[in-house]
Amino acid sequence: MTQMKQSSSAVWAGRALSAVVVILLAADVIVQFNPPESLRAEITATGFSLDQAPIVASILAVCTLLYAIPRTAALGAILITGFLGGAICTHLRIGEFTSPPQLISLALGVMAWGGLYLRNANLQRLIPISA
């Protein structure tokens with residue numbers, strides 16, 4: 001198997017992209033533990049009770065933490081993808097097609113995998129993308 005040379009600029013771009021994902025998801029976790037009134041209405045509109053928000057926030061916190069740790073980042077990316085897929089489906093279920101939450105969830109998922117791909121040579125070997 002040939003060794004791929006990983007450029008340091010790609011690694012740093014991947015780290016920066018991953019950091020943005022971690023920061024945005026961590027902010028979501030914090031807000032869900034004590035949601036403002038405007039978010040409370042959104043939570044109940046999706047069919048979740050306000051009592052479930054801390055549970056959802058805890059699940060997302062674990063996924064985000066696993067993604068932030070380099071040794072468990074791939075597992076974290078898989079779990080984040082599942083979590084964001086659930087968010088997309090939740091909004092689709094209530095009739096919101098291409099709503100901002102869906103688009104943000106999609107963008108975060110792409111950013112999470114893009115950041116991991118750029119910073120992880122093993123993933124690049126597993127899924128080679130050539131121009």
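**Exercise 1. The lining of the largest pocket**

Task: In this predicted model, determine which element gives the most to the lining of the largest pocket.

Solution.
Step 1. The helix α4 gives the most to this lining, with 6 residues.
Step 2. The space in the largest pocket amounts to about 760 Å³. Its lining comprises 25 residues, and those closest to the centre of the pocket are Asp-28, Gln-32, Phe-83, Ala-87 and His-91.
Step 3. Two or more lining residues come from each of α1 (8-33), α2 (37-45), α3 (53-68), α4 (73-93) and α5 (100-119).
Step 4. Sorted by class, the lining of the largest pocket holds 16 nonpolar, 7 polar and 2 charged residues.

**Exercise 2. The pair α4 and α5**

Task: Describe how the axes of α4 and α5 cross, and state which residues make the contact.

Solution.
Step 1. Two packed helices are described by the angle between their axes and by the distance between those axes.
Step 2. The axes of α4 and α5 come within 8 Å, and they cross at roughly 165°.
Step 3. Angles over 145 degrees count as roughly antiparallel. The helices α4 and α5 are therefore roughly antiparallel to each other.
Step 4. The crossing of α4 and α5 is left-handed.
Step 5. On the side of α4, the contact is made by Ala-73, Ala-74, Ala-77, Ile-78, Thr-81, Leu-84, Ala-87, Ile-88, His-91 and Leu-92. On the side of α5, it is made by Pro-101, Gln-102, Ser-105, Leu-106, Leu-108, Gly-109, Trp-113, Leu-116 and Arg-119.
Step 6. The classes in the contact of α4 with α5 are 13 nonpolar, 5 polar and 1 charged residues.

**Exercise 3. The pair α1 and α3**

Task: Establish at what angle α1 and α3 pack, and give the residues of the contact by class.

Solution.
Step 1. The angle between α1 and α3 is about 160°, and their axes lie 9 Å apart.
Step 2. By the cut-off of 145 degrees for roughly antiparallel, α1 and α3 are therefore roughly antiparallel to each other.
Step 3. The handedness of the crossing of α1 and α3 is left-handed.
Step 4. Residues of α1 in the contact include Val-21, Val-22, Leu-25, Asp-28 and Gln-32, while those of α3 include Pro-54, Ala-57, Leu-60, Ala-61 and Tyr-67.
Step 5. The contact of α1 with α3 has 14 nonpolar, 4 polar and 1 charged residues.

**Exercise 4. The pair α1 and α5**

Task: Find how the axes of α1 and α5 cross, and name residues that make the contact.

Solution.
Step 1. The axes of α1 and α5 come within 7 Å and cross at roughly 145°.
Step 2. The crossing of α1 and α5 is left-handed.
Step 3. From α1, the contact includes Ala-10, Val-11, Arg-15, Leu-17 and Leu-24, and from α5 it includes Leu-108, Met-111, Gly-114, Leu-118 and Arg-119.
Step 4. The contact of α1 with α5 divides into 13 nonpolar, 4 polar and 2 charged residues.

**Exercise 5. The whole chain**

Task: How many helices and strands are there in the protein chain, and what span does its C-alpha trace have along the principal axes?

Solution.
Step 1. The protein chain has 6 helices and 0 strands.
Step 2. Along the sequence, the pattern is α-α-α-α-α-α.
Step 3. The C-alpha trace spans about 55 × 25 × 20 Å along its principal axes.

Terms used:
Residues numbered from 1 in each chain as written. Predicted model: local features only at pLDDT ≥ 70, side-chain atom pairs only at ≥ 80, totals over all residues. Heavy atoms only, no water. 1 Å grid on protein atoms, 1.4 Å probe; cavity = no way out; pocket = protein on both sides within 12 Å on 5 of 7 lines; lining within 4 Å. Points joined across faces, edges and corners; volume = space filled by probe spheres on them. Helix = DSSP H or I, 4+ residues; strand = E, 2+ residues; numbered from the N terminus. Nonpolar A, V, L, I, M, F, W, Y, C, P; charged D, E, K, R; others polar. Axes fitted to C-alpha atoms, helices over the stretch in contact; angles between N-to-C directions. Parallel < 35°, antiparallel > 145°, perpendicular 65-115°, else oblique. Left-handed = near helix turned anticlockwise from the far one by under 90°. Contact = heavy atoms within 4.5 Å.
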